[in-house]
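Here are a few exercises to work through with the model open beside you. Try each task before you read its solution.

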Amino acid sequence: MTHTARRIGRSLALVLPVVLVLSGTLAVSAVPWAGQDSGTQLTASSTEVSVRAKSRAPQDILRDQLLAELQEKDPGTALTHLQREVENRPSLAKHCFSIARALGRAAVEHYGPSRAQSFSRPVCDTSYATGVMRAS
């Protein structure tokens, strides 16, 4: 009897994980995901694949965040956050000048040249001031 029980136990130990993995995979692929019709399943074919979304560079994301912050608050806050981000992520330092110039141009559009210049800070040398000057 012990020999038979041991044999059944070994068989289950080998087969059960495979059955669980396969049934879990099938269950997940049949779940209607949020935002899709309830009749669709998680399947893909080469004809249904859309063009891959372009990944955005960290400096582009940061620039867009800071431009939004400039609109919501003021250029001084955006420049402070730019300086902190460059200090925290040195890889952004080479993009600091272009981001600061973009902030300067956006500040002129939003506040006018004289008020935009009043927010000038020594972030990325004089790039913010250059952006203000060129947008004026």
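**Exercise 1.** With which residue does Arg 63 form a salt bridge whose closest N and O atoms are 3.9 Å apart? Work out how that pair fits into its surroundings.

*Solution.* A word on the ground rules: this is a predicted model, so local features need pLDDT of at least 70 and side-chain atom pairs count only at pLDDT 80 or more, while totals for chains, interfaces and linings use all residues. Residues are numbered from 1 along each chain as its sequence is written, and side-chain values use heavy atoms, with hydrogens and water left out.

Step 1: apply the rule. A salt bridge is a side-chain nitrogen of Lys or Arg within 4 Å of a carboxyl oxygen of Asp or Glu. The partner you're after is Asp 64, with 3.9 Å between the closest N and O atoms.

Step 2: look for another partner. Arg 63 also meets Asp 60, at 3.2 Å from N to O. Those two sit three residues apart in helix H2, so about one helical turn separates them. (Helices, H or I with at least four residues, and strands, E with at least two, are DSSP runs numbered from the N terminus.)

Step 3: widen the view. Arg 56, Asp 60, Arg 63 and Asp 64 are linked in a network of salt bridges.

Step 4: check the cover. Buried means under 20% relative accessible area, exposed over 50%, and partly exposed in between (1.4 Å probe, protein chains only). Arg 63 is partly exposed at 28%, Asp 60 is partly exposed at 25%, and Asp 64 is partly exposed at 33%.

**Exercise 2.** How many salt bridges does the rule give? Find one that involves Glu 85.

*Solution.* The count comes to four. Glu 85 pairs with Arg 89, at 3.8 Å from N to O. Glu 85 is partly exposed, with a relative accessible area of 27%, and Arg 89 is partly exposed too, at 36%.

**Exercise 3.** Which cysteines does the disulfide join? Say which parts of the chain the pair ties together.

*Solution.* Step 1: use the cut-off, a pair of cysteine sulfur atoms within 2.5 Å. The structure holds one disulfide, and it joins Cys 96 to Cys 124, with 1.3 Å from S to S.

Step 2: place the ends. Cys 96 lies in helix H4 (residues 96-111) and Cys 124 in the loop between helix H5 (113-118) and helix H6 (127-135), so the pair ties together parts that are 28 residues apart in sequence.

Step 3: check the cover. Cys 96 is buried at 4% relative accessibility, and Cys 124 is buried at 13%.

**Exercise 4.** Which residues have the most contacts inside the largest nonpolar core? Trace the helices that feed it.

*Solution.* Step 1: recall the rule. A nonpolar core is a set of buried Ala, Val, Leu, Ile, Met, Phe, Trp, Tyr and Cys residues joined through side-chain atoms within 4.5 Å.

Step 2: read off the answer. The largest core has 22 residues, and those with the most contacts inside it are Leu 66, Leu 70, Leu 82, Leu 103 and Tyr 128.

Step 3: assign the helices. Helix H2 (58-72), helix H3 (75-88), H4 and H6 each supply at least two residues of this core. H4 gives the largest share, eight residues.
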